[in-house]
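Hi,

Here is the structure I promised to pass on. Have a look at it first, and then read my notes below.

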Amino acid sequence: MAGFNEYFLMGTDDVIEYAKEKLDMFSGDAVLQAKEIGDGNLNYVFKIWEEATGKSVIVKQAGVEARISSDFKLSTDRNRIEVEILTLEGKLCPGLVPHIYMYDPVMNCFAMEDLSDHQVMRSALLKHEQFPQFAEDITTFLVNSLLLTTDRVMDSKEKKEMVKRYINPQLCADISEPLVYTEPYDDNLGRNLVFPPNADFVKKELYDDKALQLEVAKLKYDFMNNAQSLIHGDLHTGSVFIKQGSTRVMDPEFAFYGPMGYDIGNVIANMIFAWANGDATIGDAQEKADYLGWIEDTITNIVDLFKEKFIRAFDANVTEPMARTPGYREYFLDTVLADTAGVAGLEMNRRTVGMAQVKDLTTIPDEAKRTRAERIVILCAKDFIMNRTQYKTGKAYIDKLKSVAVEI
């Protein structure tokens, strides 16, 4: 396959030859090793390294169908979107995304900084590790990547051009819209994966609750039509690489112009999954209290720090004249916070009963404890959706989480 002039899905031997031919960091006679390290639902991720020099790189390639299911036929253009978004986020949020070395539109792959000294955050949280800097880092990322790509800050024409460039119809229409906003509430395609002990509970709380479904329908319309900000589109703890003192956001291939609260809500939801896992699996009382306390503080700080940084960034960067009208800043922030709560609920429901579930819940070994954990998540999620305008502080989320946990 010398030249790599025609697309094919690479294996480890192929990617070694690719690195020698396409990447400047390795010589043609370098002795390289490679392994496939991707554990996501869509792409193929390889680590390539040279032991003699210690040099290493990550190559990520897009396949034409999702790894999670061959039902999803996907455009490989998502890699182009990912590279461009990471490059932009690197300017808006320096130090919070990986460095991109190159992009290859023929092989539909790109090379980026190796973050092997970091962990996937979900994996670290499953080991109940704590990262005191996460709330600070992620809120800086959220405010800079979201507010600064709105037409409150950007020139209106420039923003509209970006809406066109990052429309991303396939991943939105084929994955996000059905998996997040539809199937968890009616299982219309029969793809949900409901934990059997919770089958009747899910039917009652999700499939039969028409008032809930009405609110979800409103949120779905907003997701489909509110081109507010350039969002990551899949910002969960599996899309964050982390170590003590360093946070890097990855995998923005779902990026498009949508509601800001989508990203913020996803972060909150996935921290709640970590809380539910710790609550169900940590036996030592003090260890559990320490870990759950850290997550509660982190969720609180994510909401409250986001608000503080949003206000400062709004005042410093907004250029649109009418957005300077007294009271508009507060109105805008309130809408973002309401969307955040609604999306947190949507993410919690879909990752509990939908086909793309989270290990935080599925790896809980005790059946009764998993059943309880899922019920806590679903009942909190419903309240986040139904009463989303009431969730304006981090404390509001924690109060609800604790009250539901006591009742279940």
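**Strands, sheet and rings**

Gln33 has Trp49 as its bridge partner in β2. That contact belongs to the pairing of strand β1 (residues 33-36) with β2, an antiparallel match held by four bridges. Before I go further, please keep in mind that this is a predicted model.

Trp49 turns up again in a charge-over-ring arrangement: Lys47 lies over its face, 5.6 Å from the ring centre.

On its other pairing, β2 runs antiparallel to strand β3 (residues 55-62), with eight bridges between them. One of the links there is Asn43, whose bridge partner in β3 is Ala62. The two strands make a hairpin with four residues between them, and Gly54 in the turn has a positive phi of about 80 degrees. As for burial, seven of the eight residues of strand β2 (residues 43-50) are buried, so the rest of the structure largely encloses this strand.

There is also an open sheet of three strands, in the order β6-β8-β9, with antiparallel pairing. The edges are taken by β6 (119-120) and β9 (246-249), each with a single partner strand, so each has one side without a neighbour in the sheet. Between strand β8 (residues 240-243) and β9 there are four bridges, again in the antiparallel sense. Lys243 is part of this pairing, with Ser246 as its bridge partner in β9.

**Aromatic side chains**

How many aromatic pairs does the structure hold? The count is 17. Take Tyr291 and Trp294: their ring centres are 6.1 Å apart and their planes stand at 40 degrees, so this is a tilted pair. Both residues belong to helix α11 (residues 285-317), and because they are three residues apart there, about one helical turn separates them. Tyr291 and Trp294 are both buried.

Tyr391 and Tyr397 make another pair, with centres 5.0 Å apart and planes at 45 degrees, so they count as tilted. Are these two buried or exposed? Tyr391 is buried, at a relative accessible area of 5%, and Tyr397 is buried as well, at 1% relative accessibility.

If you want a group of rings to look at, try Phe306, Phe310, Phe314, Tyr328, Tyr331 and Phe332, which ring pairs link into a cluster. Elsewhere, Arg370 places its charged end over the ring of Phe195, at 3.9 Å from the ring centre.

**The chain as a whole**

Stepping back, the protein chain has 15 helices and 10 strands. Its radius of gyration is 21 Å, close to the 22 Å that the globule rule gives for 408 residues, so the chain is as compact as a globular protein of that length. Along the principal axes, the C-alpha atoms fill a box of roughly 65 × 55 × 45 Å.

Of the 408 residues in the chain, 57% are buried. The chain exposes about 16700 Å², and 52% of that comes from carbon and sulfur atoms. As for contacts between residues at least 6 apart in sequence, 71% join residues at least 24 apart.

That's what I have for you on this one.

Cheers

How values were computed
Residues numbered from 1 in each chain as written. Predicted model: local features only at pLDDT ≥ 70, side-chain atom pairs only at ≥ 80, totals over all residues. Heavy atoms only, no water. Phe/Tyr/Trp six-rings, centres within 6.5 Å; stacked < 30°, edge-to-face > 60°. Buried < 20%, exposed > 50% of the residue type's maximum accessible area, 1.4 Å probe, protein only. Lys NZ or Arg CZ within 6 Å of the ring centre and 35° of its normal. Rg over C-alpha atoms; globule rule 2.2 N^0.38 Å. Contact = heavy atoms within 4.5 Å. Areas by Shrake-Rupley, 256 points an atom, 1.4 Å probe, with all protein chains shown as cover. Pairing = 2+ DSSP bridges.
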